[in-house]
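Welcome! Here is a short guided walk through one structure, written for someone meeting it for the first time. Please have the view open as you read.

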Amino acid sequence: MQVGLKIWRYDSATGDRALREYEIEAPEEATLLDCLDIVKERHDGSLAYRKSCRMMICGSCGMRMDGAAVLACKTRMYDIAEEGRVPVISAMGNLPIVKDLVVDMDPFWAKFKSTQPWLQPGYERPDDGREYRISQERMNVIHKEALCINCGCCVSECNAMESDPEFLGPQALAKGMRFVGDPRDGATVERLERYNQEHGIWDCTRCYFCNERCPKGVDPRDAIAKLGAESIRLGIDRDMGAKHAKWFVRSAETTGWLREEELIPKTQGYVAAIKQLKFGASLARHGKVRPIPFPHTANDVDEARNLRKLVREQDRDGALGIVQGERALGRLEHGHKDESLEEIYERPGAAPRPWLPEVEEEASA
Amino acid sequence: MIAKHDVLVVGAGCAGMRAAIEAFDAGADVAMISKLHPTRSHSGAAEGGINAALGNAAEDNAEIHAYDTVKGSDYLGDQDAIEVFAREAPGDIFQLENWGAVFSRREDGKLAQRPFGAAGSPRTVYAADITGHVLIQVLWEQVCKRDIPVYEEFFAWQLVENDGRCQGVICWDLLHGGLKTVGGKTVVLATGGAGRQYRVTTNAYACTGDGMAMALHAGLPLKDMEFMQFHPTTLYPTGILLTEGCRGEGAYLINKDGERFMKRYAPNALELASRDVVSRSEQTEIDEGRGIEGSVLLDMRHLGAERIIERLPGSRELSMVYAGIDPIYEPVPVRPGAHYHMGGIETDNGGATEMTGLYAAGECACVSIHGANRLGGNSLMETITFGRRAGRSAAEWALTHTTVEVPESAERDAEARLRELLDRDEGERPWKVREELGNSMLENFAVFRTEEGMSRQIEILEGLRERYPNVVVEDKGEVFNSDLTQAIELGNMLDTALCMVTAGLVRKESRGAHARPHDYPTRDDDNFLHHSITRWKDGGVELSKSEVRFTHWEPQERKY
């Protein structure tokens with residue numbers, strides 16, 4: 001197939017930046033990485049990009065295609081080529097570019113290391129010298145976080161980091177949850193204290209780009225939410241973000257709706273609230289302020305209260321309220337139940353079908 | 001020389017990181033050199049698991065593990081090394097777990113173990129089917145904890161031998177450009193395999209045998225190089241690995257007629273015979289016209305969605321992304337693909353090589369645990385157990401010796417050679433040579449080998465080696481010049497490939513991964529129960545042999 005690519009070239013020595021277009025011939029099963037190889041081998045040997053495993057596990061080839069972070073080795077080009085699209089390939093965002101598609105990963109690893117990403121054993125090693133005994137169910141809590149391959153796609157897309165370069169970022173925080181959620185780790189409180197500081201979990205803007213773009217299903221934003229829930233469960237709630245979240249819950253379980261007039265004093269404190277009296281007056285004009293001693297109670301408030309009770313009864317306060325024993329890769333949908341195989345492969349966006357072997361259904365009996 | 005250390009580890013996969021951690025804990029000043037960031041190493045792509053006789057799933061002990069390994073090696077493994085290996089493996093696994101490795105668990109909370117090929121007991125500890133990833137992560141975490149420096153994206157090119165011992169490594173700094181020499185009282189090579197010599201391989205682009213070639217060019221012996229393992233289940237058409245764990249969990253191999261053909265080749269072990277046996281069976285089916293487009297089918301449908309999603313999520317994802325097939329609903333096309341070098345740099349049980357101060361561990365080394373055929377799950381374990389042992393020996397030697405000196409002439413010579421390569425403006429692009437190497441190795445030195453094919457391959461390799469000095473590097477820049485490093489890697493692959501085929505040609509028998517069904521279909525213990533040793537001499541390969549070390553087990557016929 002014919003594949004067209006526009007690649008942002010960058011030379012750090014001269015600072016020159018240019019968008020170059022390449023037209024290549026590639027096999028139908030080719031990925032973006034295969035196409036870059038063809039460009040480098042046959043058209044321009046000076047093109048720079050990282051690669052290694054070509055099977056979505058080493059995390060080398062993170063880059064942007066049409067502005068969104070992808071692993072080049074995971075991106076099949078068939079559909080794009082068929083549509084005649086010529087995608088723009090560029091280096092990942094939020095990290096300095098070294099050359100062409102290669103970024104400087106040092107800031108990424110510096111944040112990673114700042115979270116003390118190693119197990120700090122909480123209790124003595126098992127006295128028989130063997131393994132810790134932990135149920136699989138308990139280990140599933142960190143299943144998704146343990147899948148992270150450090151490719152940097154989430155960091156590339158992080159909007160919070162774009163406005164605050166010191167923000168710890170989705171990767172480092174997901175790694176943090178990998179230890180906070182590990183029953184073998186004994187430094188939970190210290191870790192959470194660290195993530196509750198400035199540039200920590202409460203600075204996430206919840207744009208969900210990291211979840212969207214993670215090629216491994218780690219869902220870093222969910223990890224950040226779990227860290228928040230664990231912090232509050234353990235009473236680490238000094239940050240305005242924590243207080244804000246807490247007030248939502250408190251408000252819902254007492255009156256069944258969000259009492260906005262109390263949100264500012266509960267989150268930012270009474271002094272801040274007095275400074276914002278003008279805002280309060282505006283709220284009042286729109287009928288949003290009820291007299292605080294006699295708040296309105298929603299008709300179906302019991303539903304909200306029962307929900308809260310259920311969470312408590314099931315002991316799902318904290319991260320466990322967010323973990324559903326999910327298996328990240330299990331969410332992949334591609335198989336067929338009611339459709340014929342032909343329909344599957346003709347579906348828009350389906351991977352190209354190499355060939356379909358004829359196998360008797362009884363074969364495996 | 002930009003820096004010197006007590007112990008310098010080259011390569012930062014499982015073996016390299018484990019060696020560095022051990023050397024650090026022994027009190028040495030240790031650093032690592034790697035052409036990739038450590039977590040990018042190809043150990044991370046290992047899927048199925050790591051073998052240790054924990055006895056969690058069924059009765060097991062080190063002796064059975066050792067016997068299975070000896071038998072799997074077709075009696076070419078060194079039995080004293082294998083005994084050390086099987087005995088120390090469980091302790092190493094518990095240590096990894098205590099460090100935080102996220103292994104899969106049994107209901108009672110102990111580590112789960114799954115059956116693997118040619119193993120007498122379910123012995124393979126695993127983390128779903130991303131075991132290598134989990135190990136790479138936990139080792140990297142421990143490296144971070146110890147703050148061990150890593151010369152990242154340094155391409156190791158040449159060993160520095162001075163005063164009869166290895167004292168450092170000359171590298172190309174990929175990120176900034178320029179040759180940089182790092183000194184070490186001892187050097188541990190842990191650079192992995194060279195599967196990229198083949199067009200169809202499970203290996204990463206980085207697996208180009210750099211360490212083996214460095215040792216070879218420094219005059220060291222490479223052992224048993226003819227034994228290249230072909231993994232039975234690599235995905236069509238890319239060669240990407242689908243773990244043996246698929247078969248461990250119960251998947252079938254079927255031919256185009258829907259027949260479970262393994263019952264004709266290994267009536268007892270079926271799909272879980274050792275890898276050489278399964279690969280040969282598949283190749284026979286394909287050669288005799290019962291394959292489909294050069295593949296057979298791996299059928300997991302009967303395992304059911306839940307088990308596939310829980311135990312084999314990575315394999316499912318790989319099948320879906322690279323073959324467009326969901327194994328829950330359809331069988332997956334697979335074929336044998338180059339996977340693992342049983343051979344490598346000859347070492348003793350402590351990782352020491354013939355050169356004072358130089359050690360080796362992992363796939364680039366040959367202790368030899370694997371002999372003529374490696375069992376699935378034994379290589380990850382080898383990286384840990386022998387990575388640790390090599391790190392310990394290297395640190396102990398380094399701590400009792402003091403000086404590091406790199407003669408200026410070594411750096412000057414390297415610079416001159418590099419300039420010659422970089423300054424060449426006209427010639428052939430390396431990819432053409434690489435492509436011919438990959439195709440011809442697959443044709444003439446794969447699952448089945450013939451006298452004629454191997455002779456032809458030697459001629460082809462000589463031809464490619466003649467063309468190699470004329471390859472041209474297009475990128476003349478200093479920053480991230482991967483065009484340059486890829487050209488150097490090609491040279492490494494050509495020389496190590498020549499060792500493999502030369503050793504293969506004179507081994508006139510069929511043993512383990514070296515199968516010659518047409519001219520020498522049986523094992524010949526009278527004439528070939530010895531290791532092949534290849535050395536570099538006058539720009540060519542010099543062959544010799546060495547004894548296999550026996551302890552308890554006499555060679556027997558191998559049946560599964």
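Let us begin in a sheet of chain B, where strand E13 (residues 296–299) is joined to E14(B) by 3 bridges, the two running antiparallel. Within this pairing, Val296(B) stands opposite Val334(B) of E14(B). Please keep in mind that this is a predicted model.

**The sheet around E14(B)**

E13(B) and E14(B) belong to an open sheet of 4 strands in chain B, with the order E11-E14-E13-E12 and antiparallel pairing. Its edge strands are E11 and strand E12 (252–254), each of which pairs on one side only. From one strand to the next, the twist averages 45 degrees.

On the other side of E14(B) you will find strand E11 (residues 228–235) of chain B, held by 6 bridges in an antiparallel arrangement. His231(B) has Gly337(B) of E14(B) as its bridge partner. E12(B) meets E13(B) over 3 bridges, again in the antiparallel sense, and here Leu253(B) stands opposite Leu298(B).

Is strand E14 of chain B enclosed or open to its surroundings? E14(B) spans residues 332–341, and 10 of its 10 residues are buried, so the strand is largely enclosed by the rest of the structure.

**A second sheet in chain B**

Chain B also has an open sheet of 3 strands in the order E3-E5-E4, with antiparallel pairing. Strand E3 (50–51) and strand E4 (113–114) are the edge strands of this sheet, each pairing on one side only. E4(B) pairs with strand E5 (residues 124–125) over 2 bridges, and Gln113(B) stands opposite Val125(B) in E5(B).

The table gathers the strand pairings described so far.

| Strands | Bridges | Sense | Source of the pairing |
|---|---|---|---|
| E11(B) and E14(B) | 6 bridges | antiparallel | chain B |
| E13(B) and E14(B) | 3 bridges | antiparallel | chain B |
| E12(B) and E13(B) | 3 bridges | antiparallel | chain B |
| E4(B) and E5(B) | 2 bridges | antiparallel | chain B |

**The nonpolar core**

In soluble globular proteins, nonpolar side chains tend to be buried together. Here the largest nonpolar core has 264 residues, and those with the most contacts inside it are Ala20(B), Val169(B), Cys171(B) and Val188(B). Helix H15 (residues 482–506) of chain B provides the largest share of this core, 12 residues.

Which residues does Cys171(B) touch, leaving out those up to four places away in sequence? Its contacts include the aromatic-named neighbours Tyr151(B), Phe154(B), Phe155(B) and Trp157(B), and also Ile33(B), Ala156(B), Lys180(B) and Val182(B).

**Two packed helices**

Two packed helices are described by the angle between their axes and the distance between the axes. In chain B, helix H13 (residues 430–444) packs against helix H14 (residues 451–467) at an angle of about 170 degrees, and their axes are 10 Å apart. That angle makes H13(B) roughly antiparallel to H14(B). Among the residues making the contact are Val433(B), Leu437(B) and Ser440(B) of H13(B), with Met454(B), Ile460(B) and Leu464(B) from H14(B). By class, this contact has 5 nonpolar, 4 polar and 3 charged residues.

**Chain A and its meeting with chain B**

Chain A has 16 helices and 7 strands. Of its 365 residues, 40% count as buried. Among chain A contacts between residues at least 6 apart in sequence, 66% join residues at least 24 apart.

How many residues does each chain bring to the contact between them? Chain A gives 60 residues and chain B gives 69 residues. On the chain A side, strand E6 (97–99) and helix H4 (136–139) each supply at least two residues. That side divides into 29 nonpolar, 15 polar and 16 charged residues.

Arg305(A) sits in helix H15 (residues 301–313) of chain A. With 15 other C-beta atoms within 10 Å, Arg305(A) is partly exposed. Arg305(A) and Glu253(A) lie 52 residues apart in sequence, yet their C-alpha atoms are 4.9 Å apart in space.

**Some backbone details**

Most residues other than glycine have a negative phi, and most peptide bonds are trans. Arg54(A), in the loop between helix H1 (32–43) and strand E3 (62–65) of chain A, has a positive phi near 55 degrees. Arg54(A) counts as buried, with 25 C-beta neighbours inside 10 Å. In chain B, the peptide bond from Tyr236(B) to Pro237(B) is cis, with omega near 0 degrees. The bond from Val367(B) to Ser368(B) is also cis, with omega near 5 degrees.

Note on methods:
Residues numbered from 1 in each chain as written. Chains lettered and ligands numbered in written order. Predicted model: local features only at pLDDT ≥ 70, side-chain atom pairs only at ≥ 80, totals over all residues. Core = buried A, V, L, I, M, F, W, Y, C linked by C-beta atoms within 7 Å. Buried ≥ 20, exposed ≤ 12 C-beta atoms within 10 Å, placed from the backbone. Contact = placed C-beta atoms within 7 Å. Pairing = 2+ DSSP bridges. Axes fitted to C-alpha atoms, helices over the stretch in contact; angles between N-to-C directions. Parallel < 35°, antiparallel > 145°, perpendicular 65-115°, else oblique. Nonpolar A, V, L, I, M, F, W, Y, C, P; charged D, E, K, R; others polar.
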